[in-house]
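Q: Please take a close look at the salt bridges in this structure. Which side chains pair up, and where do they sit?

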Amino acid sequence: MLRLFGAALVVFTGWAAGWHLAEKKRRRLAVLEQLERLIALVQDEIVYRAAPLSDILMLLKERRDMPGLCLADCGQLQRLACPPDLDKPAWNQLEGFFTRLGSAAGQEEARHCAYYLRRCAGLRDEARREYEQAKQLYAKAGLCCGALAALLLF
């Protein structure tokens, strides 16, 4: 009976590991969607209201639809840190948006926002494909690996 319980635990652990890896991909996708929304909001505020960056940051902090970006800890929009659920290569492609923010005039700033919005959309689309694949594969692969390990141990 104890061996059967141990085998079931190994199978469950394999499934849980696969689910965790797929969940990591989902969180990455969610952060990229939030970053895309943030860039679009910043672009709108700059183009239509000509709002200063400090006002834009306060507006963003009031919103509750971007929890993965850790905006509450941010003192300046130009110094936004890499979100915990985003990998460094993706952040390196988007970090320039924040570091260069506010360094150009209105029209140039709008083009700057539009460029990074397209770049973020490309990263989001790639992350969505990766998540869909992971959702289909990782939990099942983890379950199979767990079952194989249980058979080898049993």
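A: What follows goes through the salt bridges one by one, with a word on the helix that holds one of the partners.

The model is a predicted one. Side chains of opposite charge can pair when their charged atoms come close. Here the count comes to 13 salt bridges.

Start with D85 and R27. Their side chains meet in a salt bridge, at 3.2 Å from N to O. D85 lies in the loop between helix 2 (53-62) and helix 3 (88-99), while R27 belongs to helix 1, so this pair ties together parts that are 58 residues apart in sequence. D85 counts as partly exposed, at 30% relative accessibility. R27 is partly exposed too, at 25%.

Now look at helix 1 itself. It has 48 residues, from 2 to 49. At 1.5 Å a residue it should span 70 Å, and its end C-alpha atoms are 67 Å apart, which agrees. Just after helix 1, A50 takes a positive phi of about 55°.

Next come K135 and E132. Their closest N and O atoms are 3.3 Å apart in a salt bridge. Both sit in helix 4 (residues 106-153), three residues apart, so about one helical turn separates them. K135 is partly exposed, with a relative accessible area of 39%. For E132, also partly exposed, the value is 35%.

D65 and R63 form another salt bridge, at 2.7 Å from N to O. D65 is partly exposed at 27% relative accessibility, and R63 is partly exposed at 33%.

Last, there is a network. Salt bridges link K25, R28, D87 and E130.

Note on methods
Residues numbered from 1 in each chain as written. Predicted model: local features only at pLDDT ≥ 70, side-chain atom pairs only at ≥ 80, totals over all residues. Heavy atoms only, no water. Helix = DSSP H or I, 4+ residues; strand = E, 2+ residues; numbered from the N terminus. Expected span 1.5 Å × (residues − 1). Salt bridge = Lys/Arg side-chain N within 4 Å of Asp/Glu carboxyl O. Buried < 20%, exposed > 50% of the residue type's maximum accessible area, 1.4 Å probe, protein only.
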